[in-house]
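Here are my notes on this one, jotted down point by point. Have the structure open while you read.

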Amino acid sequence: MQHNLGSSFLTQFNSTRRPADLLLAQSSYRTSATSLTGSRSVWLQSARKWAQLSSGFGEGEILAAHVQVIKLISLVACFEDTSKRRHELLTGLSQDSTKAAAKALSLNQPSKALEWLEAGRCIVWNQINQLRTPVDELHACRPDLADQLILLSRQLEYFGGRTDPHQSGMELPMQVQMTLEAEAHTHLRLAKEREELLVSIRDLPGFESFLLPKTFAELMRGIPNDGATVIINSDESRCDALVVFATCAEPTLVPLERFSYKRATNLAEVLRLHLTSRGLQSRYSDEARGDARGMRGADETDVLQAVLRDLWTDLVEPILPFLPAEFQDKDGKDDLPRIWWCPTGPFAFLPIHAAGDYNNHGSQKTLAEFAISSYIPNLSILKRLGFDRQGNNGDRGVFLVSQADATGLRRIPLTDTEVEKTFNELRRRGIRTAVHGSKAATIAAVSDKLDSFSCVHLACHASQGTKDDPLGSAVYLHDGPLKLSEIMKKNLPNAELAFMSACQTSLGDESLPDEVVHLAAGMLTAGYRSVVATMWSISDEHAPDVAEDFYKCLFNDETADGVVGLDVTGSARALHIAVQALRRKLGDSTEALLKWVPYVHFGI
């Protein structure tokens, strides 16, 4: 009722231009957005309207309105729905958090902007990670509440991963419909019980903020001691970078004056069309790709160079002076510092890690000369993945998967060579390994092995899910696809490294840019601390060399008990070295860039 009343007053204001009507509209929307009754979706619509109108009513009103928007996003897509349904509900909401952050930045509140980005993005991943959060401190104080929370969280995670009955589109037998309705009712009851339990826990001294969105100070506890993290916010009103590092008191704001949301969107679309015209949707053998190369138009040859040049001159180069001293004057020297990129909106689909001017042969400038790049979906992931996390000695080792002949897909014969080279290198160093290839690489067998090896190397085909099924992203095995929806059900506390030598494993869904729905993020959610992935197709010819160089550059890590594993904290550096070796071999032509740029690193 209050929402409709606000709309009536707003319509009246647009006709009369009387300030009193605008004030009444704003007040009605605020009342609706903060109501305790009614539809959550209506609350969010009201909060959005309240936020839009708040600019004329002072800073306090602006902040209050956007706080409510951020709060309601996670309530609209909440635990009582399946993961797939939550992603559907979040479609169209992706710009709410970035818009709120842009407004906070316009008020010179970078810490608040960061908090809102963290609370309003990656909603489903954050919810899954909440259900898996250790409760050691709570258990020491109130073991009964801790045990109850663990049980409810496990039950909710199970129901959240079930098939959504609303999505079948089929006429189901009455008995099946009744069963599904009973499951949905149980799911809703569990979600409400968990919320009530959390209220009780937050009444305990010292637990007032338990599992609530993190403050900037809390987020900073997970920031690595070395390197820097750069969050790129994109909104139609402005684009900005927020730089944080271990010793900073608040984020450093770097306005991206030469970049707009529209320009970033256009760059991402131009790149997507260019890659599509080149047939770069799956791992390919160079012989099989001959026809795809013939699709290239003469005016498309420098598209990737132009994108990378724009990213360098207008995005990365303006940020570099605001990074810590360790980033200055590196110019290709050894011991490069780390930089973690956390892009939002259309920036998530751009290869920031490869930004550079590759046409200026006299004085090339590229990001790779100054830093080793990694990506993260959000800041919270850094604390959860932790540089000092200790694994289980019994799970140490690498599980290698090769699938050259997935049904219905082009043969990629050098996946077997890649796995063989990797196997020989690891065995030479005394690292426990297992190999599944061809018919042995089934969905069940691979899924089972993920539980008993800390590292996995997948050399196969992969694909990004569609707009209608973003959780349909998958790697292709002997008997079909192992989907993201199944991978994200995994909870692997001892997982270390996932090397996904396949295509589009970090591409993401354009309709959900800030939910980061791709295989690499799924592996991080499952527990892997470090993930090697790809933004588009990779060459079957060069993938074995990249993998071999990567593992040669990744040091051993031996425990006091003599168990040998891999030091995955060096995986970003190892990938950097391996990719730069491929670059030296191939050069910086259009064809060369298409082959070495797609490799990316996620995590620690």
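1. A quick word on terms before strand β7: "buried" here means under 20% relative accessible area, and exposed means over 50%. Bear in mind too that this is a predicted model.

2. With that cut-off in hand, look at β7, which covers residues 372-375. Ile372 and Ser374 point one way from the strand, while Ser373 and Tyr375 point the other way. Which of these four are buried, then? All of them are, on both faces of β7.

3. β7 has a partner in β4, residues 338-343. The two strands run parallel and are joined over 4 bridges. If you want a spot to find the pairing on screen, go to Arg338, which stands opposite Ile372 in β7. That is the Ile372 that shares its direction with Ser374.

4. Next, a separate item: the open sheet made of 3 strands, in the order β11-β12-β13, with antiparallel pairing. Why is one side of β11 and of β13 left without a neighbour in the sheet? β11 (462-463) and β13 (480-483) stand at the edges and have a single partner strand each, so one side of each has no neighbour there.

5. Staying in that sheet, β12 (residues 474-477) and β13 run antiparallel and are joined by 4 bridges. Leu477 is a handy marker, as its bridge partner in β13 is Gly480. As background, strands of a sheet pair through backbone hydrogen bonds, either parallel or antiparallel.

6. Helix α6 takes up residues 94-106. Its buried residues are Ser94, Asp96, Ser97, Thr98, Ala100, Ala101, Ala102, Ala104 and Leu105. When you read along that list, remember that an α-helix has 3.6 residues a turn, so residues three or four places apart point the same way. After α6 comes Asn108, with a positive phi near 60°.

7. Ser539 deserves a look of its own. Where does it sit? It lies in the loop between β15 (530-534) and α21 (543-553). Ser539 counts as buried because its relative accessibility is 2%, against a cut-off of 20%. Its side chain reaches the backbone nitrogen of Glu541 at 3.1 Å.

8. Finally, the whole chain. There are 23 helices and 18 strands, and 55% of the 604 residues count as buried. Taking contacts between residues at least 6 apart in sequence, 75% join residues at least 24 apart. The accessible surface comes to about 25,200 Å², and carbon and sulfur atoms account for 52% of that.

Terms used
Residues numbered from 1 in each chain as written. Predicted model: local features only at pLDDT ≥ 70, side-chain atom pairs only at ≥ 80, totals over all residues. Heavy atoms only, no water. Buried < 20%, exposed > 50% of the residue type's maximum accessible area, 1.4 Å probe, protein only. Polar contact = N/O pair within 3.5 Å; in protein donor to acceptor, adjacent residues only side chain to side chain. Pairing = 2+ DSSP bridges. Contact = heavy atoms within 4.5 Å. Areas by Shrake-Rupley, 256 points an atom, 1.4 Å probe, with all protein chains shown as cover.
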